[in-house]
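Q: Please take a close look at one part of this model, its pockets, and explain the terms as you go.

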Amino acid sequence: MGYVIDEIDQQIMRLLQHHARMPIVQISKEVNMSQPSVKERILKLEENGVISGYSTIYDLAKLNRGTTTFILLKTEHCEEFVHFCEQAIEVTDLYRISGEYNYLIKVQTATIEELAEFQDSLVKLGPSKSHISMKNIMEHRVLL
């Protein structure tokens, strides 16, 4: 049987998902629990792989990577394609999907011209279809 998450664990995870750098002192106040107990719970969540890491969210527009594009790609050269994506700084997310296309790529570029250059480099791997995001409505949604 897997690790059982109770309501207090969920409260702690919710707080950390909103603010991963929240001090233990603040979390313990929010969940009405002692600091050592909160720290022990967080360690157990980490040890059991429920919390797999902490990350920083960047404003990509301020980093000159504000153009978001989703690209569907159909390829028979899967290993070569995955290696290509691992090396391409434009690729932020890569999914293996079902259906007519077998990959969905999320790409962040500075300009449409940079996107065109990226797509030109994909041609040798297979046909693709691009969808440029007009507006980011929801991203990094809190799941708990």
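A: In sorting residues by class, Ala, Val, Leu, Ile, Met, Phe, Trp, Tyr, Cys and Pro count as nonpolar, Asp, Glu, Lys and Arg as charged, and the others, Gly among them, as polar. On that basis, the lining of the largest pocket divides into ten nonpolar, eight polar and two charged residues. The model is predicted, so local features need pLDDT of at least 70 and side-chain atom pairs count only at pLDDT 80 or more, while totals for chains, interfaces and linings use all residues. Residues are numbered from 1 along each chain as its sequence is written, and side-chain values use heavy atoms, leaving out hydrogens and water.

The largest pocket (an open set of points on a 1 Å grid over the protein atoms alone, where a 1.4 Å probe fits, with protein on both sides within 12 Å along at least five of seven lines) holds about 650 Å³ of space. Its lining, meaning residues with an atom within 4 Å of a point, is made of 20 residues, and those that lie nearest the centre are Leu16, Gln17, Ala20, Gly53 and Ser55.

Turning to the second largest pocket, we find about 460 Å³ of space and a lining of 24 residues, with Leu60, Lys106, Gln108, Glu139 and His140 nearest its centre. Three strands (DSSP runs of E, at least two residues) take part here, since β1 (67-73), β2 (91-96) and β3 (103-109) each supply at least two residues of the lining of this second largest pocket. By class, the lining of the second largest pocket has eight nonpolar, ten polar and six charged residues.

Note on methods: Grid points are joined across faces, edges and corners, and a volume is the space filled by probe spheres set on the points. Helices (H or I, at least four residues) and strands (E, at least two) are DSSP runs, numbered from the N terminus.
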